[in-house]
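Okay, thanks for squeezing me in. Let me put the structure up, and then I'll talk you through it.

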Number of protein chains: 2
Amino acid sequence: MRKLLRVNMGDLSVREEVLPSEKEPTGGRHLTSSIVSSEVCPTCHPLSAHNKLVVAPGWLGGTGAPCGGRLSVGAKSPLTGSIKESNVGGNAGNALSRLGIAGIVVGGLPADDNLRVLHISADGAELVIDNELKGLGNYDTTDTLQAEFGDSISCLTIGQAGEMRLSGASIAVTDEEGRPTRHAGRGGLGAVMGSKGLKAIVIEKEGGQRPESADRDAFSKAAKRFAQLLRDNEVTGDGLPTYGTNDLAQVINDAGLYPTRNFQQGQFELIDNVNGETLRETILARGGNAKHACHHGCVIACSGIFVDENGEYVSKQPEYETIWAHGANCGIGDLDAIARMDRMDDDIGLDTIEMGATIGVVMDAGLLEFGDGEGAIGLLEEVRAGTPLGRIIGSGAKVTGQAFGVRRVPVVKGQAFPAYDPRSAKGIGVTYATSTMGADHTSGYAIDQNILKLGGDVDPLKPDGQVDLSRRLQISTAALDATGLCLFTTYTMYDGPEALEMILAMTNAHLGTNVDLEWWTELGKDILRKERDFNTRAGFTAADDRLPDFFEDEPLPPHNTVFDVPHDELDTVIDF
Amino acid sequence: MRKLLRVNMGDLSVREEVLPSEKEPTGGRHLTSSIVSSEVCPTCHPLSAHNKLVVAPGWLGGTGAPCGGRLSVGAKSPLTGSIKESNVGGNAGNALSRLGIAGIVVGGLPADDNLRVLHISADGAELVIDNELKGLGNYDTTDTLQAEFGDSISCLTIGQAGEMRLSGASIAVTDEEGRPTRHAGRGGLGAVMGSKGLKAIVIEKEGGQRPESADRDAFSKAAKRFAQLLRDNEVTGDGLPTYGTNDLAQVINDAGLYPTRNFQQGQFELIDNVNGETLRETILARGGNAKHACHHGCVIACSGIFVDENGEYVSKQPEYETIWAHGANCGIGDLDAIARMDRMDDDIGLDTIEMGATIGVVMDAGLLEFGDGEGAIGLLEEVRAGTPLGRIIGSGAKVTGQAFGVRRVPVVKGQAFPAYDPRSAKGIGVTYATSTMGADHTSGYAIDQNILKLGGDVDPLKPDGQVDLSRRLQISTAALDATGLCLFTTYTMYDGPEALEMILAMTNAHLGTNVDLEWWTELGKDILRKERDFNTRAGFTAADDRLPDFFEDEPLPPHNTVFDVPHDELDTVIDF
C-alpha cells in the first residue's frame, strides 16, 4: 500500500493519504501531472499558494528494476506557465519508494519567512525550521544536512536561485555519493519550492524496505532479462557507459545541428576540445571516473566524476546538454571552464540548459564576447549574488532576451532549446514546438530516428514524417516517465519488442496488475491529454506550439535549411 | 484624398499609397488595428522584421474639430504580445492630417546599426541617417531636431528606453511648445520603433493645409456646436480645465480604490499632498500654468506646466495616472519628486503607468522602502543608463516581478494596471481583464458609472452589471479612438444624444459620408473584432482575460472586497 504525503505550508501540517490499491498503475509523471492537472488552478501565479509541488517516484521505484529509480517533479512552471514534469536521477526516488511513499504534494504558502526542511523517515514526516540553511548553495546545504542526519540520507534541495524564486532554478537531488549533482532542472521548479519556504526534503534510509511484489519470482526474472537487454544494447551497453551522454557531441556536430553561438551556426570549430572522446580521456588521465551510476540499480552508468588537473573533484562529469549549453552555444571550447559552470549551476541550483542558452543570448546582445569562459562564469556568480544582472540571467533566456532587446531568443513557451538545432533535425523541432513542457528534447527524442537511425530513419532535413515521429515518441515517453525507468532504457526498445514486454512483465509481477501494450499506449496518451488539458485551461493554444520565427527565417549553416514543418501539420500532433 | 506612407526599413524605401476614397470613414485606431491585424504575423517576435509600427491620426484630424488632433500608434506590443493601440495628444496628429497623411506604416528591419530620422514634408518623405541622436533623451532629441529643421516641426521620438528596445518604452510626441511631453505610453511601442532603428519622425508644418471638407459650412456648424457642448459640460468645461486630470485623485481616494503601495491599500494617507487642489495651488503659487491644451484645437485644456520653487520649468503638469503611479502606488506623497519622475519618464521615453507600477513591485520585493522618492528617481536613472537593474525596471512590472520572485504583480496580459483598484470598482476590473490591450483604463472607462455616476450608476462594489457596462464602453471607445477626438469628449455624451450626433455630423460633413448611430456602434464592434482576431491568432484565450489571482484572494481595505465578477460572465464581454 503506497501513500501520498500531503504537506500544507499554510498551516504547516503534514498528513498521509493512502493511494487506492492499484488496478491501474500510477507513479512518476502520471501521478505528478494528474495531481497538478486536477488540483492546481491553471491560471494561478506559479509562486502563489495555489500552486503545488509534486514529487513522485515511478511505480517501479525501489524494486530493483534496472534504471528504475528516476523521480518526477511536477508543478505549474514559473518559467513557462504550463504544466511541468521535470525528471531526475539520484538516490531520492528509490528512498521514497522504499518508505512506501508514492508522492509528496506541497501546497500553500507559509505566513512567515522561516526556511523549512521536510524531514521524512519510517516514523513519519514533519516540517522543521532551519534558518541556518538560508543563502547556502546546494553543496553546503547537503553537507549541513548530512552532518545533522547522517550520510545515508537522500536530499532534495534548492540553492540560492530557488530561494530567490528565479525562473531558471532547479531542484537538486543527491547522487550515490550524497552530492547534489542530479537536477530536476527544467521549468524553474526550484522557484516553486523556494516560494513555499522549503529549502530541503530529507529522506532517511533507515526502516525503508523493498516494496513487496505480488509475484517476486516473476518480477525477478523479468528484471534480470531487462538488465541483460540493456547490457546487450550498443548504446546502453557500450556508448553511454564508455563516453557518457557526451558521446553524442561529435555525431550531432558532424550532422550539422550542434547549435553554436546562440543558434547562429550548426557546427562548432572547437568540437575536438569538447567531444566525448576528449572528455573521457581528460577524466581518465586525471584520475577521475568516467563510468558511474546516478542512482543505485542503474546498469547503464552514463555518469562520471570530473576532476581538475590535480585530481581534485570539480563536478559530476558534465552531461552532453551542459557541455553544449556552456560550450558551443557560447563559443567556449574549454572543458575545465564548462565543468566549473556545471558545478556552479549545481551549487546555485540552476538548469544548465537554460543557463547556457541564456548566456548565449547575452553574448548575442553584445554584453560579452562569444568564447569568453571567464565572463560566462562571472555571470553565474552574479546569479549566486542575486545582483540585478544575476536575476536577469537566473530568470532564463526569455526574460534576458526581453531585458536586452534581443530578437534571436531560442525558446518555446518560455523554455530554452536543448542541444539540437531544429532546422537540421526537424523531428526534434516538432517536439520542441508541441511538447506540453516547452522546448524539451526528452519529451519525444526524434534525434534517434533523424540522426542516429535507431528504430527508424526519418530524413532530418525534410519536413515529411516528422509530426508522426514526434507524436509516437511523445506518447511512449510519457508512459515511460511514469514507471521510474530512465529515458535511456528506450534504446532497448529499438532492438525488438522484448524490452517493452519486460517492462510490462515487471509492472504486472510487482503490482499484481494485468496491463498490456494497448494499455501502455493509452497511459501515454492519458498523460499527454491531462497535460494538454491543463495547458489549454492555462491559456495555451496552437499559437504557442510554434518555434520562434527566426528558425523559419534564418537558414542554418552548413545545410542552410530553415524549419519548414507546416503549422497546420504541427497542429495534428495532438490527433491521437 | 488621403495617403499612407509605407516605410520599409529593410530596403530603406518610402512610398506613398492612396487610401481608397471614403465611403466608410477610417482613421486612428480603426486604421492602425486594421493594418496590424491584416499585415502583421500574430506570432512574430515583436522586435522582428515582421512587426509593423503604424501611426494614424483620426479622420477628423487637422479639420479643426474640437479636441480632434489625437494620434493612434499601433503594432504588436513587445510588452503584451497582443495587438496595441496607444493614443496620444500633442501636435503631430494635426500636422500629419494637414499634409494629407492618413497613416505611416513602418515595417522591416535595417541591415545596419545606423539611427535614422523619417523626415516628412509637403514635398515628400525620406529616411535620413542621424547617428548624432544616439543615446539622447527625448528633450535633447527634439532640441537637436528643432535646431536643424526649425521650431515649427512636430516630432515623434524615442529616448534611451526605445533605443534599448525596452518593453516599457514609449513614443514621445511634441506638444504646442515643441516639448516631448505627450506620450504613446502603453505597450512598449517605443521598443518597436527602436528595433527599426528609427529615432524620430519629423513632420514639417509648411505646406500643410486644412483637409478639404465635403460641406464646409455644415462641418463648421457642427464643430461649433460640439465645442459649445464641451464648454457646457461640468467635467470638460470646468473640472478638467481647472484641476487637470488629477481632479480625480481625491474622488478616487475617497471612494477607496486609489491603489496604494502596490495595490495593498485602497486609500493613501498622504492624499492631501498630491490631490488636484494641491497640484493646482502649487503650480499657480510658483507661476506655472494650470490650464494648457496638449494640442491645437483642444477646447478642454486639461494639461498644464509644472515649475519648481524658482518658477523654472520641470515638466508638463503630471497627469492623474502619473501622480498615482509614482505617488500613492509607491507611497510617495511629494509632488516635486513625482514631477521629476514625470520629466525623467518623458525624457528617457517610458510609460509613467508602467514605471510607477514597476517601482511599486520593486518596493514590494523589499529592494526599496515604500515612500523613498529619491530611491525611485534613482531607479529611473538606472533605466537611462541601461544598467541591468535599469533594464529590468524598463521592461515593466511583469518582468520585474519575475526577476525578483514577486507574487503580487498587477498586470493583465503583461501590462500594468492603471490607477483604479478593480476590487472596489468592478466595472473597470472587467475592462482591465477583457480589453484587447491588457490592463487599460482608457479601453472602457467604467469609473464614470461606477464612481462618478455619469451616464448611469452601477454599484462599484457588486459584480452585477459590470460586464454589460464594460462591453458598452469598450465598443463606443473603440469607435471614438478612430475619429481623432480626445477620449474626454465622451463626457459630453452623458448629457444627451446631441454630442454623438455632432460627431457624426462633423464626420459626414467632412468626408461626404452618410454614417449614422448604428454604423458608429458597428465601427466600434468591428475594431474590437479585428483586435480580438489578432489576439486569438497570437494565442490569447479566455484564460488571458483574467485578473491576477491576488485580486480574487486579498480583500482591499477599506471596503475589504475582492474582485468577484464570475469568470464565465467575463467571457461574455465579447458577445456582441
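I'll go through one chain, then the contact between chains, then a sheet.

Before anything else, keep in mind that this is a predicted model.

So, chain A. We've got 24 helices and 17 strands in there. If you box up the C-alpha atoms along the principal axes, you get roughly 60 × 50 × 50 Å. Chain A has 576 residues, and 65% of them count as buried. Now take the contacts in chain A between residues at least 6 apart in sequence: 72% of those join residues at least 24 apart.

Next up, where chain A touches chain B. How many residues does each chain put into the contact? It's 32 residues from chain A and 32 residues from chain B. On the chain A side, the elements giving two or more residues are helix 15 (388-394), helix 16 (397-403) and helix 22 (517-538). Helix 15 of chain A has the largest share of that side, with 4 residues. And by type, the chain A side splits into 15 nonpolar, 10 polar and 7 charged residues.

Last thing: a sheet in chain B. It's an open one, 6 strands, in the order 8-7-12-9-10-11, and the pairing is mixed. Strand 8 (124-129) and strand 11 (182-184) of chain B each have a single partner strand, so they sit at the edges with one side lacking a neighbour in the sheet. On average, neighbouring strands here are turned by 20° against each other, ignoring direction.

Zooming in, strand 9 (residues 154-157) and strand 10 (residues 171-173) of chain B pair antiparallel over 2 bridges. Look for Thr157(B), which stands opposite Ala172(B) in strand 10 of chain B.

Note on methods:
Residues are numbered from 1 along each chain as its sequence is written. Chains are lettered from A and ligands numbered from 1 in the order in which they are written. This is a predicted model: local features need pLDDT of at least 70, side-chain atom pairs count only at pLDDT 80 or more; totals for chains, interfaces and linings use all residues. Two residues are in contact if their C-beta atoms, placed from the backbone, lie within 7 Å. Ala, Val, Leu, Ile, Met, Phe, Trp, Tyr, Cys and Pro count as nonpolar, Asp, Glu, Lys and Arg as charged, and the others, Gly among them, as polar. Two strands pair if DSSP finds at least two bridges between them. Axes are lines fitted to C-alpha atoms, for helices over the stretch in contact, and angles run from 0 to 180 degrees between N-to-C directions. A residue is buried if 20 or more other C-beta atoms lie within 10 Å of its own, exposed if 12 or fewer, and partly exposed in between; C-beta atoms are placed from the backbone.
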